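Dear colleague,

I am handing over the structure we spoke about, and below it I have set out what was found. Please read the notes with the model open beside them.

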Amino acid sequence: MRVELINPGQFEPENHWYEKSFSATIHPMVNYFFSLDKERLIKRYCHLHPAVSRRKLSQILSYQPRYYFLSGADLLHVTTEKGKRQMVVIESNSCPSGQKSMPLLNEFNESGGYKAFIEQTVKPTAAAKRKKEGALAVLYDKNYMEASGYAHALADSFNEKVYLVPFYDQQDDETVQVVDHFIEVRWGNEWVKTRMVFRYLTQKPWNRLPVYSKTIIFNPVITCLAGGRNKMIAAKAYSMYNAELLEHHLSIHTPETIWDVSKAEIPLWVNKLGGKAVVKIPYSNAGQGVYTIVNKKELADFMAMDFHYDKFIVQSLIGNYHWSSTGTSGKFYHVGTVPDKKGGSYVLDFRMMIHATPQGYRPLNIYSRRAKLPLPDQLEAGAHSWDVLGTNLSYKGEKGEWKSDTTRLLLMDRKDFNKLGIGLDDLIDGYIQTVLTAIAIDKMAQQIINTKRRLNRKLFRSLNDDETLLSEILLA
């Protein structure tokens, strides 16, 4: 891949959406959800959750982040044996994909969510920071379709050229450098200083970009370390914020989570959760480094593997009612899709993307993904649990390139939405859960940055004592 120069007026919508989503028509209920203003959302949510503090929820939805401007949460639609349904957060993402999977809310606005993010988030933030010298750039290591979409929207909105720069982990050719705390990108034989960068780096971004930068970065690397791409810190950030929210009867809903687990301890925690659990490498993404364990063979297979990092997190497994983990909060299981003509119901998750605006976090787009195989009442001997529980679409091709299995993509359109088994109140619940996770991570980012805007390494180590991770972080 080479560096590209993107000029204004070149946005071509068909290059930045999947074909199936570009030609889809948004479902009326989803369109209605996006049209709801903050006050109506609060009134509806508090009507269904009367113990929730309306004043606190208003403050939450008006929150202005310091670092976390674009966030995505992956949500599961679950229920209990007593029929209590809710959205549960399984992961937050500080470089979320989703634009290419969202049908246009307005067919006459062909830049869709790309333009909305740049106009409502990037431009107001950039104006407040008042930096005028330097170029604009988009750095990416995955998802060219969306990364280039942001580059075109950025060029159109600012009416100037944008450098679209591939920047992979362990990349051979040098395209990016940091000089005097400014990010510079190479164009031919020239190094160009940037004033603002949109970062779409998903693989260990902390080993290539510094925590402190004079270049404005959306999102800065600290959001990844504080929980946006660090499941270990995210779990702790959620726990700390939940303590603050307790008196207001709000909370981030997650599976039961045990953090700072060494590999040798994992069988003990799996056993405590009834022999069924999810083990995660805290710093992976795109469905990589997530292991569902429902029997002794899957546990043995996991323990036979070698890993780069020293610490893991273990979570209760949400599956079918007959084979889910039983934690301290009881047993949750998947609601799943509406059964198809063959009677199959599939595990699915929802990606809710939000962005910071002058009015607070607002929803930007939504899509859903389903597992490969239907969710059975009982798993057959020898079956791989990931095939019925794993929903991520990303996978690596034979040459190591990222690909996407779009056959399992479910859109918020007239065709797919009715299969999802959700309604307006589920969308509102998912939105509020996503906002809470973003605030928790933004607050954590503020805690682990010192007064000189550098990483407080001592505090970070106390929260995430993983020597391999610490050795990767580019501090200057």
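**Surface patch at the start of the chain**

Met1 belongs to the segment that comes before strand 1 (4–6). Please keep in mind throughout that this is a predicted model. With a relative accessible area of 63%, Met1 is above the 50% cut-off and therefore counts as exposed. Together with Tyr144 and Tyr168, Met1 makes up a nonpolar patch on the surface, and the accessible area of the three residues together is about 310 Å².

**Pocket**

As for open space, the largest pocket has a volume of about 950 Å³. Its lining is made of 50 residues, of which Gln86, Ser251, Ile252, His253 and Thr254 are the closest to the centre of the pocket. Among the elements that each supply at least two residues of this lining are helix 3 (38–48), helix 8 (231–245) and helix 12 (424–447), and strand 3, strand 10 (257–262) and strand 13 do so as well.

**Cavities**

For enclosed space, the search gives three cavities of 30 Å³ or more, and the largest cavity holds about 350 Å³ of space. Of the 23 residues lining the largest cavity, those closest to its centre are Ile90, Lys280, Val290, Trp386 and Leu389. Two or more lining residues come from each of strand 2 (70–79), strand 3 (86–93), strand 11 (277–280), strand 12 (290–293), strand 13 (311–316) and helix 11 (385–389). Strand 3 and strand 13 thus appear in the lining of the largest cavity and also in that of the largest pocket.

Strand 12 also contains Ile293, which is buried, with a relative accessible area of 0%. Ile293 is separated from Leu317 by 24 residues in sequence, and the distance between their C-alpha atoms is 8.1 Å.

**Cysteines**

How many disulfides does a search of the whole structure find? The search finds zero, and Cys95 shows how this comes about for one residue: the closest cysteine sulfur to its own is that of Cys224, at 5.4 Å, which is too far for a bond because a disulfide requires the two sulfur atoms to be within 2.5 Å. Cys95 has a relative accessible area of 4% and is therefore buried, the cut-off being under 20%. Cys46, at 7% relative accessibility, counts as buried for the same reason.

With best wishes

Technical notes: Residues are numbered from 1 along each chain as its sequence is written. This is a predicted model: local features need pLDDT of at least 70, side-chain atom pairs count only at pLDDT 80 or more; totals for chains, interfaces and linings use all residues. Side-chain values use heavy atoms; hydrogens and water are left out. Buried means under 20% relative accessible area, exposed over 50%, partly exposed in between (1.4 Å probe, protein chains only). Patches are made of residues with over 30% relative accessible area and no salt bridge: like charges are joined within 9 Å, nonpolar side chains (Val, Leu, Ile, Met, Phe, Trp, Tyr) within 5 Å. Accessible areas come from the Shrake-Rupley method with a 1.4 Å probe; for residues, only the protein chains shown count as cover. A salt bridge is a side-chain nitrogen of Lys or Arg within 4 Å of a carboxyl oxygen of Asp or Glu. Helices (H or I, at least four residues) and strands (E, at least two) are DSSP runs, numbered from the N terminus. On a 1 Å grid over the protein atoms alone, a cavity is a set of points where a 1.4 Å probe fits but cannot get out, and a pocket is an open set with protein on both sides within 12 Å along at least five of seven lines; lining residues have an atom within 4 Å of a point. Grid points are joined across faces, edges and corners, and a volume is the space filled by probe spheres set on the points.
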